[in-house]
Amino acid sequence: MTDHIFISLYAVNQRDIGGAGFLAFPSVRDAEEYLKTWLERACALECIPETEAPEALPEHAFLCPQVEEAKDLEGFNGFHSYESLGVVSLFVQVLYDEKSARRFKGECIKEFSLDKIFSDEADEMIEMLEALEKSFREPLDYTRPLEMVDGLLKNQGLALF
């Protein structure tokens, strides 16, 4: 088993400041810090852990989930409404083991009809998705698969969300 996670991210606020793509992180903590930093920089929201939240959250606060393991990062998901910002939409899909990577691969193949497109590009994309899945079994350089999946999601409008 290797020590990394991937996240598929789509995030935007009503000022059209957002983040999107497919990212790799060496640890759950690094991914969590990335999400908190995005909230702080793009939305000017302070991330307050659930365990430290006051009864009434201030307007500039985001209630961050308690993250113990990779799948807990999905606790950031949702539409969050703020009077001054409007709605902040944050959707995170986490690939943290072979099963989650296999599910993501299936969703991409289905959503983008990769199994119905007979081209070298579609075949290569399926290979890249399989490489991401394989990366949880054995160490490998996932730079190219990461770039290709990121490009697919950005070019296809992040249709998985």
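Rings of Phe, Tyr and Trp, the last represented by its six-membered ring, are taken as a pair if their centres lie within 6.5 Å. Planes under 30 degrees apart make such a pair stacked, planes over 60 degrees apart make it edge-to-face, and the rest are tilted. In the structure considered here, which is a predicted model, there are six aromatic pairs. One of them is formed by F25 and Y34, whose ring centres are 5.5 Å apart; the pair is tilted because the planes meet at 55°. F25 counts as buried, since its relative accessibility is 9%, whereas Y34, with a relative accessible area of 33%, is partly exposed. Another pair consists of F62 and F76, with ring centres 6.0 Å apart and planes at 10°, and is therefore stacked. This pair links distant parts of the chain, as F62 belongs to strand β4 (residues 61-64) and F76 to the loop between β4 and β5 (78-82), 14 residues apart. Both F62 and F76 are buried. In addition, one aromatic cluster is made up of F6, F22, F104, F136 and Y142.

The protein as a whole contains four helices and six strands. Read from the N terminus, the order of these elements is β-β-α-β-β-β-β-α-α-α. The protein has 161 residues, of which 44% count as buried. Among contacts with a separation of 6 or more, 53% are made by residues 24 or more positions apart. The accessible surface comes to about 8,800 Å², and carbon and sulfur atoms account for 47% of that surface.

Attention now turns to the cysteines. A disulfide is a covalent bond between the sulfur atoms of two cysteines. The model has one disulfide, which joins C47 to C64 with an S to S distance of 1.4 Å. The link of C47 and C64 is left-handed, with a value of -65° about the S-S bond. Because C47 lies in strand β3 (residues 46-49) and C64 in strand β4, the pair ties together parts that are 17 residues apart in sequence. C47 and C64 are both buried. A further cysteine, C108, has a relative accessible area of 0% and is therefore buried.

Helix α1 (residues 28-43) contains E32. This residue is buried, because its relative accessible area of 7% falls under the 20% limit. The side chain of E32 makes a polar contact with the side chain of R29 at 2.4 Å. When neighbours within four places in sequence are left aside, E32 is in contact with P65, V67, L73 and F76. F76 thus appears both among the contacts of E32 and in the stacked pair with F62.

One backbone feature concerns S113, in the loop between α2 (98-111) and α3 (120-134). The phi angle of S113 is near 50°, which is a positive value in a residue other than glycine. With a relative accessible area of 29%, S113 is partly exposed.

Definitions and conventions. Residues are numbered from 1 along each chain as its sequence is written. This is a predicted model: local features need pLDDT of at least 70, side-chain atom pairs count only at pLDDT 80 or more; totals for chains, interfaces and linings use all residues. Side-chain values use heavy atoms; hydrogens and water are left out. Buried means under 20% relative accessible area, exposed over 50%, partly exposed in between (1.4 Å probe, protein chains only). Helices (H or I, at least four residues) and strands (E, at least two) are DSSP runs, numbered from the N terminus. A disulfide is a pair of cysteine sulfur atoms within 2.5 Å. Contact means heavy atoms within 4.5 Å. Accessible areas come from the Shrake-Rupley method with a 1.4 Å probe; for residues, only the protein chains shown count as cover. A polar contact is a pair of N or O atoms within 3.5 Å; within protein, one must be able to donate a hydrogen and the other to accept it, and residues adjacent in sequence count only if both atoms are side-chain atoms.
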